[in-house]
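Biologist: Could you take me closely through one part of this model, the largest pocket, and then set it against the rest of the fold?

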Amino acid sequence: MIFTHDTEHALAVVVDLINTGAAASGAEELGGLPGLRAFVERHDFSDVGELTEADLARVLQLRERFHAVFRAGDVPAAVARINEIVGEVRATPHLTDHDDYDWHVHFFAPGAPVGEHLAADCGMALAYVVAAGELDRLRTCEAPDCARVLVDLSRNRCRRYCDSRTCGNRMHVAAYRARQRAL
Ligand SMILES: [Zn+2]
Ligand SMILES: [Zn+2]
């Protein structure tokens, strides 16, 4: 494991959030509250209550800001963006074991809106990545015409493609065909 379990979990949430706006079909998964509800449920966010249009607007704004961290290109730019995100959070760190998860740290206050969850926990996860000198693990898929992002958690930093069902496969097929042609 490259980072702590909590950090890797939060990074998976960030990746999924950014990729809701970069589906292969071009569809916007967070086009309305049902999409936001589905996102919240698939990540077991604790105690977010009723979702509103204000929550959706905040999450979409955060999605842009998280994406900017992946595209930052260098550490100072990433640091500036991450500090903006976490700087707006009123952090209330505490341990919790909700939903049958083992003890883990939440940085947001109990009952905080979903945007606050994301800004605090995902913002801190990105902060740990930079602090560990691992910013280059935050990547954009290298398949042409794919805009999805990934976190490379492989030991030898060899991941190039997102985990959509197509990218890795179609690139392998393309490489195979290229080798065949070269023979
Ligand atoms: Zn939790
Ligand atoms: Zn891809």
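Modeller: Helix H5 (114-131) gives the largest share of the lining of the largest pocket, seven residues. The model is a predicted one, and in it this pocket has a volume of about 460 Å³. In total 27 residues line the pocket, and the closest to its centre are Asp6, His9, His104, His106 and Asp121. Besides H5, helix H1 and strand S2 (104-106) each supply at least two residues of that lining.

H5 also takes part in the packing of the protein, since the largest nonpolar core, a set of 42 residues, receives nine residues from H5, the most that any element gives. Other elements that each supply at least two residues of this core include helix H1 (5-19), helix H4 (75-87) and strand S4. H1 and H5 therefore each supply residues to the pocket lining and to this core, under the definition of helices used here. The residues with the most contacts inside the core are Phe66, Phe70 and Leu118. Leaving aside residues up to four places away in sequence, Phe66 touches Val14, Leu17 and Ile18, together with Ile85, and also Leu118, Ala119, Cys122, Gly123 and Leu126.

A second core, separate from the one just described, has six residues, among them Cys141, Ala143, Cys162 and Cys167. Three of these names return at the zinc ion (ligand 2), whose protein donors are the SG atoms of Cys141, Cys146, Cys162 and Cys167, lying 2.2 to 2.4 Å from the ion. The donor residues follow the spacing C-x4-C-x15-C-x4-C in sequence, and both Cys141 and Cys146 are buried. The angles among the four donor atoms run from 105 to 116 degrees, and the site is tetrahedral. For comparison, the ideal angle for four tetrahedral donors at a metal is 109.5 degrees.

Two loop residues deserve a look at their backbone. Asp44, in the loop between helix H2 (33-42) and helix H3 (53-70), has a phi near 50 degrees, which is a positive value in a residue other than glycine. Arg157, in the loop between strand S4 (149-151) and helix H6 (167-182), likewise has a positive phi, near 55 degrees, and is not a glycine. Asp44 counts as partly exposed because its relative accessibility is 33%, and Arg157 is partly exposed as well, with a relative accessible area of 29%.

Terms used
Residues numbered from 1 in each chain as written. Chains lettered and ligands numbered in written order. Predicted model: local features only at pLDDT ≥ 70, side-chain atom pairs only at ≥ 80, totals over all residues. Heavy atoms only, no water. Helix = DSSP H or I, 4+ residues; strand = E, 2+ residues; numbered from the N terminus. Buried < 20%, exposed > 50% of the residue type's maximum accessible area, 1.4 Å probe, protein only. Core = buried A, V, L, I, M, F, W, Y, C linked by side-chain atoms within 4.5 Å. Contact = heavy atoms within 4.5 Å. Donors = N, O, S within 2.8 Å, 3.2 Å for Na, K, Ca; no water. Tetrahedral: all angles 85-135°; square planar, octahedral: opposite > 155°, others 65-115°. 1 Å grid on protein atoms, 1.4 Å probe; cavity = no way out; pocket = protein on both sides within 12 Å on 5 of 7 lines; lining within 4 Å. Points joined across faces, edges and corners; volume = space filled by probe spheres on them.
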